[in-house]
Amino acid sequence: MDKLALILVIIGAINWGSIGLFGVDIVGAIFGGTHGMLSRIIFTIVGLAGLWAITLLFRDRVPSHANHNHNRD
């Protein structure tokens, strides 16, 4: 779940970057405009992934070699 959330947050960041730099909403352009239903669903999913990613800030870190065969995300 963490990796999926991170991928979606990265997609959101790239989209915001393209809006800021070029004035182009990539997600909106691909999925029917900023106010299109499919675009709004994707924006909502990306937003939820951002909320999930907040939890990553508050988790205890375990060195990757310590849990090599455990809890793969």
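This passage walks through the fold, the first helix, the nonpolar core and one buried serine of the structure above.

The model is a predicted one, so local features are reported only at pLDDT of at least 70 and side-chain atom pairs only at pLDDT 80 or more, while totals for chains, interfaces and linings use all residues. Numbering starts from 1 along each chain as its sequence is written, and side-chain values rest on heavy atoms, with hydrogens and water left out.

On the whole-protein level, the secondary structure comes to 3 helices and 0 strands, running α-α-α from the N terminus on. Helices here are DSSP runs of H or I with at least four residues, strands are E runs of at least two, and both are numbered from the N terminus. Of the 73 residues, 22% count as buried, where buried means under 20% relative accessible area, exposed over 50%, and partly exposed in between (1.4 Å probe, protein chains only). The protein exposes about 5800 Å², and carbon and sulfur atoms supply 70% of that area; areas come from the Shrake-Rupley method with a 1.4 Å probe, and for residues only the protein chains shown count as cover. As for contacts (heavy atoms within 4.5 Å), 41% of those between residues at least 6 apart in sequence join residues at least 24 apart.

Helix α1 covers residues 2-22, and at 1.5 Å a residue its 21 residues should span 30 Å; the end C-alpha atoms are indeed 30 Å apart, which agrees. That expected span is 1.5 Å times one less than the number of residues. Its buried residues are Asp2, Ala5, Leu8, Gly12, Asn15 and Ser18, and what covers them includes α2 (26-30) and α3 (37-56). After α1 comes Gly23, with a positive phi near 70°.

Two of those α1 residues, Ala5 and Leu8, turn up again in the largest nonpolar core, together with Val27, Ile42, Val46 and Ala49, 6 residues in all. Both α1 and α3 supply at least two residues of this core, and α3 gives the most, with 3. Such a core is a set of buried Ala, Val, Leu, Ile, Met, Phe, Trp, Tyr and Cys residues joined through side-chain atoms within 4.5 Å. In soluble globular proteins, nonpolar side chains tend to be buried together. Leaving aside residues up to four places away in sequence, Val46 touches Leu8 and Gly12.

Ser39 sits in helix α3 and is buried, at a relative accessible area of 0%. Not counting residues up to four places away in sequence, Ser39 touches Val27, Gly28, Phe31, Gly32, Gly33 and Thr34.
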